[in-house]
Amino acid sequence: MAADDRVKGGAALELFMWGPAYNLPSFDPFCLSAAAYLQLAEVTWVVNECNNAGVSPRGELPMLRDSLLEPVVTTSKIIAHLKKKGYDLDQHLSATEAAECLAFTGLVEDKLHDALLFSWWLEAKNVMKSTRPTISKSLRGWAGFRVPSQLQKKAEARLKRYRTVTYKGKETNEIYVLVREWYKALANKLGEQPYFFGSRPSSLDAVVFGHLALHCIPSLAEPTLFSILTFEFPTLYAYCERMREDLFGAPLRASANHGASWILGDIVRSPMVYMRTVFSPAAGKKEKSVEERRAEVGTWMSVVGAVGFFVGYIFYSGIVRIEIGDGDGDGNVDVDVDGEEGGGWQDADAHNDHNTE
Amino acid sequence: MGIPNPLKKLQDALPLVRYPAVYTPPIWPAEPANIPILFIFPPSKQAITSLDAECVKYQAFLAFSNYEHVTRECHEPEMSPSGQLPFLMAADGRILTGRQIIEEVKDKAGDLESRLTDAERSNLTAFTQLAETKLDFALNYTFPPQLFTMWYDSRIRDRITFPMYESLYPWPLNKILSRSLRSEKTEWMLSRRAVLKKDEILDDAKRTLAALSTLLGSQLFFFGSKASFLDAVVFSYLHIILSLLALPSHEVPLREAVMKHDNLVQYARRVFNTFFAA
């Protein structure tokens, strides 16, 4: 039923990425960047929410599957692959602008990512109250227990070099001082333009959105990055909100490979996610025609009818009988199965008699 | 009452003598020096610049800013508060590392970047980060075997890197320390990248070099006629790659990649001649 509305695997590009969180299609900035690029380039693609980075040959997500070719892993390679396929957002850039695009991409992917990791995994309050529960919920089954700790350990190793410093009379981590500098560079670059390089989007827009969108989450227990962005760099914040509306306002199309084959395992492992997969708007409600809807209603009607008939028949033919009234004078309600005359209840009575003797 | 004889004998056998305190040198130097001292990783015998890119970076920045200082050799990174060389002992005795050095120098010797426009400043930040991450990765850390890296190519490792570190300590400490340093670097690298592949890292470096070459064009420095922090960063990596990785036996791919950009090579030579050769 629902699978018919989804695009068949192999027909379109399929992006494997970490699952949704915080009102965004993925909690991983790199996956989000790749998704944003696909949306900006107006590619036909489907999303496959992964639970396990093991699906990718490199142990990393995002991964793009393009029909029968070898899967493409990591954001930069996905973007390079799409450029080769003709979805090139950077065509209108001059040589200098292309160099700047590379430099800012590096700044965002290396440095701003550090800031995000710090705020998510090294702020004890955030870890306990926000990130860990949210990401666990976004993942299916055991991955929910395993992946957050892995991410946290990785972040700790990566951020060893940042030290605590005094900033404006307060003890704070170096990263919050540096992140202002980085935001400032981006805000200057953006200026009042709709996109980073004028009126047309580029790959930098996809990358910046992918990362910054996760920086401005107000619901964290300690939303330091969010407050820096909203108070000191309102243009960047407005940019993120606008991009989110433009790119991910409408639901993404789910892959046919996802869900259908995993249904049994999914129900057992995590009913919540299963329900989300089945009843998500991505299943394409608006694409259903009148006949289909009628057919669906017919299906449900016939199921209800069949069950009703079955239950009615059972009672009518006396296979199961419920008697209300006093058979033994004790006021017991007897449920007799297959005509056996309440053997169980008699045993209980006998037992009571035995005790009173 | 006297002490019983055997006990007294024992006490006599172990006399309690108070020796004068052992001489400990004062925390060095005893009083704040009048001139700031930059502690750097030792240079090779005939060179003036350090063997460590991070140290060259600050040496160059201080030279660009005309900040009066002396350098002192130090091969113990743990001496620095951040655990990384270099560090600067300011004239008033404060010990500064990393960004604090930059702030101090800007305070005392004037801000090199004050003349830049907003757009140039944001480019400065972006390109500085780009060079620091990609070239740093390519140079120091990630060069897997065939690529001749400082830590991963057996030839470079045995010729340059290990002698560089091993000559500083006596046997067997040198063997242990240089290997533990290597594993530390590996761990740090793996925290940044899930997979260490030589081609990817070299490609990143190549693209970075191309971008820097485009930005430089035919200018004297990256932002016009005066140096900035970006110049210090790029010069440090170019200088180390061009000088240290120049092996007579074979060409190192990273060095080859730099040599392809003529303006970068000229630039490194020019900066070295202007600020360090004299």
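**Surface, core and confidence of a predicted two-chain model**

A nonpolar surface patch of about 870 Å² is formed in this predicted model by A:Trp300, A:Val303, A:Val307, A:Phe310, A:Val311, A:Phe315, A:Ile322 and A:Ile324; such patches are made of residues with over 30% relative accessible area and no salt bridge, like charges being joined within 9 Å and nonpolar side chains (Val, Leu, Ile, Met, Phe, Trp, Tyr) within 5 Å. A salt bridge here is a side-chain nitrogen of Lys or Arg within 4 Å of a carboxyl oxygen of Asp or Glu, and accessible areas come from the Shrake-Rupley method with a 1.4 Å probe, only the protein chains shown counting as cover for residues. Helix 13 (residues 290-316) of chain A gives the most to the patch, with 6 residues, where helices (H or I, at least four residues) and strands (E, at least two) are DSSP runs numbered from the N terminus. A:Phe310 lies in helix 13 of chain A and counts as exposed because its relative accessibility is 53%, the classes being buried under 20% relative accessible area, exposed over 50% and partly exposed in between (1.4 Å probe, protein chains only).

Residues are numbered from 1 along each chain as its sequence is written, while chains are lettered from A and ligands numbered from 1 in the order in which they are written. Because the model is predicted, local features need pLDDT of at least 70 and side-chain atom pairs count only at pLDDT 80 or more, whereas totals for chains, interfaces and linings use all residues; side-chain values use heavy atoms, with hydrogens and water left out.

In the interior, the largest nonpolar core holds 164 residues, of which A:Leu15, A:Trp120, A:Tyr183, A:Leu236, B:Phe127, B:Phe222 and B:Leu254 touch the most other members; a core of this kind is a set of buried Ala, Val, Leu, Ile, Met, Phe, Trp, Tyr and Cys residues joined through side-chain atoms within 4.5 Å. Helix 4 (residues 95-122) of chain A supplies the largest share of this core, 13 residues. Leaving aside residues up to four places away in sequence, B:Phe127 touches A:Ala99, A:Glu100 and A:Ala103 in addition to B:Ala211, B:Leu212, B:Leu215 and B:Leu230, a contact meaning heavy atoms within 4.5 Å.

A:Asp110, also placed in helix 4 of chain A, is buried, with a relative accessible area of 14%, and beyond four places in sequence A:Asp110 touches A:Arg158, B:Thr133, B:Lys134 and B:Arg192. A:Asn126, in helix 5 (residues 124-138) of chain A, is buried at 0% relative accessible area; the residues that A:Asn126 touches, with the same exclusion of up to four places in sequence, include A:Trp120, A:Arg132 and A:Glu222.

Chain B has 10 helices and 4 strands, and buried residues make up 50% of its 278 residues. The accessible surface of chain B comes to about 14200 Å², of which 56% belongs to carbon and sulfur atoms.

Confidence is expressed as pLDDT, the predictor's confidence in each residue, from 0 to 100. Chain B averages 81, with 85% of its residues scoring at least 70, and its pLDDT stays under 50 over residues 142-148. The mean for chain A is 80, and 78% of its residues reach 70 or more; over residues 1-10 of chain A the pLDDT is below 50. Where pLDDT is low, the predicted coordinates should not be read in detail.
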